[in-house]
Amino acid sequence: MSTFVEPGSTATALLLLGRGTDPDSEKGVDCPGALPPASDPNLVERAWAAKKALGDRLFILGHHYQRDEVIQFADVTGDSFKLAQQAAARPEAEYIVFCGVHFMAESADILTGPDQQVILPDMAAGCSMADMAAAQQVEDCWDALVDAGIADSVVPMTYMNSSADIKAFVGRRDGVVCTSSNAERALRWAYERGEKVLFLPDQHLGRNTVVRELGFDLDDCVVYNPHKPNGGLTTEQLRQARIILWRGHCSVHGRFTLDSVNDVRERVPDVNVLVHPECTHEVVAAADRVGSTEYIITAIEEAEPGSAWAIGTELNLVRRLANQHPDKRIMFLDKAVCYCSTMNRIDLPHLVWALEELVAGRVPNRIVVDEDTTVNARHALDRMLALP
Ligand code: 13P
Ligand code: SF4
């Protein structure tokens, strides 16, 4: 019997689950057009039937943060690194339905052949972190590095959680993409090629990795704010820095605080605190273990029965782990609900709609990255996939 305790609900959390309506604050809660109603009792049956009808022509990828109602239909589940690898490894699949967010579907389109079509069941499934780095802002930042006389010694690097335009920017300048599974290896690769790194767009993953894994001081990092002239930094600060962190963050992982860690340690003295590296540095520094979603899953699979774990990552994954491991005491690190609202956009009605459209011979919500962006972004993604 699972001991998992649901964190308290909030009005926003209910909205994100599609319950309740507030059209002013949550664009798209109302389901437009031909979407089947969420109340249709046959949705599960309809999804299985459409999947069966499409057979090997269809490959469904599911990120670990997806809802259970969707993840049950995934041919492969994974973190963003594993899903990128899997997308690249399925040249025979005509349709790749990506149950994840927009930047993941873009990466899948870049990594798959021209005859393969990538579909995102809800176009509103974006990522607030990816939106924090726009192409023009990044070009302006590079100009600031050129003006400071340091651009030649900077290797640009972007987290997977960025638009295809940003990946292409990095690819054009011989940089690399990373995910939370391989950020350390990618950073070591970059420092073999340049003295400094421009790390986009997640300041926390960049900071946590260089400080924890590469032994940097916090003073070696500066934060470039795209909303301020010269990033809010002096030329001297840019020249002194070993890593220039973009001022972006994940709004989900940013919710965990040092108080959440202290509080759970007080309540459960033998607890292991396990967090994602998108959390702030103080949360990561106070945790026992840190890693990507795939790492978190493996840590729980290998944990001793009876051991206690407070997990700081998205709630769909933590709840699933608690259900799959009733012999372990698994709890959510924060007291309040903490879903990724955009991951949650992909629900069963959207999946059924997308699959049934494919069965009818129509390709809905296709994600297409243009040729020039694809070529350049692919350089940076291929470098990541080839990391030792
Ligand atoms: P990973 O899949 O790399 O663990 O990243 C988590 C995440 O936030 C995806 O958006
Ligand atoms: Fe973006 Fe954070 Fe959601 Fe991942 S969890 S998709 S980084 S907002």
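The questions and answers below cover two ligand sites, a helix and several single residues of a predicted model.

Residues are numbered from 1 along each chain as its sequence is written, and chains are lettered from A and ligands numbered from 1 in the order in which they are written. In this predicted model local features need pLDDT of at least 70, side-chain atom pairs count only at pLDDT 80 or more, totals for chains, interfaces and linings use all residues, and side-chain values use heavy atoms, with hydrogens and water left out.

User: Which residues are the closest to ligand 1?
Analyst: A residue is near a molecule if one of its heavy atoms lies within 4 Å of it. Ligand 1 is surrounded by 14 residues. By class, five are nonpolar, seven polar and two charged. The closest are His 63, Ser 80, Ser 180, His 276 and Glu 278.

User: How much of ligand 1 does the protein bury?
Analyst: Three side chains place an N or O atom by an oxygen atom of ligand 1: His 63 at 2.7 Å, Ser 180 at 2.6 Å and His 276 at 2.9 Å. Taken alone, ligand 1 exposes 300 Å². Areas come from the Shrake-Rupley method with a 1.4 Å probe. The share that the protein buries is 96%.

User: How many charged residues are in the shell around ligand 2?
Analyst: The shell includes Tyr 65, Val 101, Met 129, Asn 161, Glu 278 and Cys 340. Asp, Glu, Lys and Arg count as charged; Ala, Val, Leu, Ile, Met, Phe, Trp, Tyr, Cys and Pro as nonpolar; the others, Gly among them, as polar. Seven residues are nonpolar and two polar. The charged count is one.

User: Why are the buried residues of α13 on the same side of the helix?
Analyst: Helices (H or I, at least four residues) and strands (E, at least two) are DSSP runs, numbered from the N terminus. In α13 (residues 293-302), the buried residues (under 20% relative accessible area, 1.4 Å probe, protein chains only) are Thr 293, Ile 296, Ile 297, Ala 299 and Ile 300. They are on the same side because the arc they cover around the axis is only 160 degrees.

User: Where is the cis peptide bond from Leu 200 to Pro 201, with its omega near -25 degrees, placed in the fold?
Analyst: The bond joins Leu 200 to Pro 201. Pro 201 follows β7 (196-200) and precedes α9 (203-212). Its place is the loop between β7 and α9.

User: Is Asp 174 buried or exposed?
Analyst: Asp 174 is found in the loop between α7 (164-172) and β6 (176-178). Its phi is near 60 degrees, a positive value in a residue other than glycine. Exposed means over 50% relative accessible area, partly exposed in between. At 51%, Asp 174 is exposed.

User: Which residues outside its sequence neighbourhood is Ser 107 in contact with?
Analyst: Ser 107 is found in helix α5 (residues 102-111). At 2% relative accessibility, Ser 107 counts as buried. Contact means heavy atoms within 4.5 Å. Leaving aside neighbours within four places in sequence, its contacts are Met 160, Lys 167 and Leu 381.

User: Which side chain makes a polar contact with the side chain of Asp 288?
Analyst: Asp 288 lies in the loop between α12 (281-286) and β11, and counts as partly exposed at 40%. A polar contact is a pair of N or O atoms within 3.5 Å; within protein, one must be able to donate a hydrogen and the other to accept it, and residues adjacent in sequence count only if both atoms are side-chain atoms. A polar atom of the Asp 288 side chain also lies 2.7 Å from the backbone nitrogen of Val 273. The side-chain partner, at 3.2 Å, is Arg 265.

Technical notes
The arc is that of the directions from the helix axis to the C-beta atoms.
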